Amino acid sequence: MLPEDELHDLAESIKTEGQIKEIVLDRDGVLLDGRNRLAACTLAGVEPRFTCYEGDSPQALILSANLYRRHISKGQQAMITVMARSLSGHSLRTQAKLHTISLSVLSRANVVLEHGPGLAEQVRIGALRLDAAYDEVCRRKAQAAVITAQYDNLLRRAPDLAAQVAEQLLTLDQATTKLGRRLEEERLRQRVKEIDAVRQADGDTTPAHTHLAEQGEITWQQAHQLAEQHHTQRQENIQRTQQAIEQISANWTAIQNVTARPDTPYTREILEGLTPEAHTLIQGLTTQA
């Protein structure tokens, strides 16, 4: 229907100039075209003029009569066109040529009609712009894709949680959160086992963190924290030892001079100025020499 002010304008026009175009009824008296003219005639107090549709496709008549109304938008035209495709069976490209409507606009209208029929109806009656409806449909499709991906991930990695979602015992978000916790605990377990294996290979005889966690004496989170502390200390010790060896290597010629002259005043004076640990080292090297 026309807005109220435009309907009153039409009534005034009919009152002064007469009803130019007849109202169309089918053989059973059902209104096919002209409901605004009928309402305007009533407002103007003018007896309406009718004609009877004699064709065999009243739907096509309604489409042709309403598709190019001046008061409907291009979005409405596109939506009405794609809604009426069942009458013609034409492709979108053909419809675009026949009705001089952009193919991209028709394609958007078709997407809205397929994935959001309720939104399509709002576009048709002018309550919602086609672009806004298309954006909303795209948002819904993207959201649906995320949900599908989450559920597929559950099916692949945690069928038990997926089954609980299917039985509505858990929401998808709850199941996804549980899966995340499960995977994190598995990551911690694997990391603790890797560090314990290195400890064992290094000859560490203290109880393995994996064993303590499996016995319930500590949590896996605590086991992971202790394991990482050990790993950090081990790396620091390796770095310090490497630095010490590099220093010895850089001064190896001087050390060789000391070990080559063990009973000279030169060597004795050097040894007197060393720490006990360094003194023991030189004595060991001298003995080996």
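This section describes charged side chains, salt bridges and one polar contact in a predicted model.

Salt bridges were examined across the model. The structure holds 16 of these pairs in total. Side chains of opposite charge can pair when their charged atoms come close. One of the salt bridges joins Asp 131 to Arg 108, with an N to O distance of 3.3 Å. This pair connects distant parts of the chain, since Asp 131 belongs to helix α9 (residues 130-157) and Arg 108 to helix α7 (residues 103-115), with their positions 23 residues apart in the numbering. Asp 131 has a relative accessible area of 35% and is therefore partly exposed. Arg 108 is likewise classed as partly exposed, because its relative accessibility is 32%. Both residues also take part in a network of salt bridges, in which Arg 108, Arg 129 and Asp 131 are linked.

Helix α9 also contains a salt bridge between two of its own residues, Arg 139 and Glu 136. The closest N and O atoms of Arg 139 and Glu 136 are 2.7 Å apart. Because Arg 139 and Glu 136 are 3 residues apart in helix α9, about one helical turn separates them. Arg 139 counts as partly exposed at 45% relative accessibility, and Glu 136 counts as partly exposed at 23%.

A further pair is found in helix α11 (residues 172-201), which holds both Arg 187 and Glu 184. These two residues form a salt bridge whose closest N and O atoms lie 2.8 Å from each other. Their spacing of 3 residues in helix α11 means that they are separated by about one helical turn. Arg 187 is partly exposed, with a relative accessibility of 43%, and Glu 184 is partly exposed at 35%.

Acidic residues also cluster on the surface. A patch of negative charge there is made up of Glu 4, Asp 5, Glu 6, Asp 9 and Glu 12. Of these residues, Asp 9 is located in helix α1 (residues 4-17). The relative accessibility of Asp 9 is 54%, so this residue counts as exposed, exposure being assigned over 50%.

A buried polar side chain was examined in helix α14 (residues 252-260), where Thr 259 is placed. Thr 259 counts as buried because its relative accessibility is 14%, which falls under the 20% limit for burial. A polar atom of the Thr 259 side chain lies 3.0 Å from the backbone oxygen of Gln 256.

Methods:
Residues numbered from 1 in each chain as written. Predicted model: local features only at pLDDT ≥ 70, side-chain atom pairs only at ≥ 80, totals over all residues. Heavy atoms only, no water. Patch = residues over 30% accessible without salt bridge, like charges linked within 9 Å, V, L, I, M, F, W, Y side chains within 5 Å. Areas by Shrake-Rupley, 256 points an atom, 1.4 Å probe, with all protein chains shown as cover. Salt bridge = Lys/Arg side-chain N within 4 Å of Asp/Glu carboxyl O. Lys, Arg positive; Asp, Glu negative; His and termini not counted. Charge placed at Lys NZ, Arg CZ, Asp CG, Glu CD. Helix = DSSP H or I, 4+ residues; strand = E, 2+ residues; numbered from the N terminus. Buried < 20%, exposed > 50% of the residue type's maximum accessible area, 1.4 Å probe, protein only. Polar contact = N/O pair within 3.5 Å; in protein donor to acceptor, adjacent residues only side chain to side chain.
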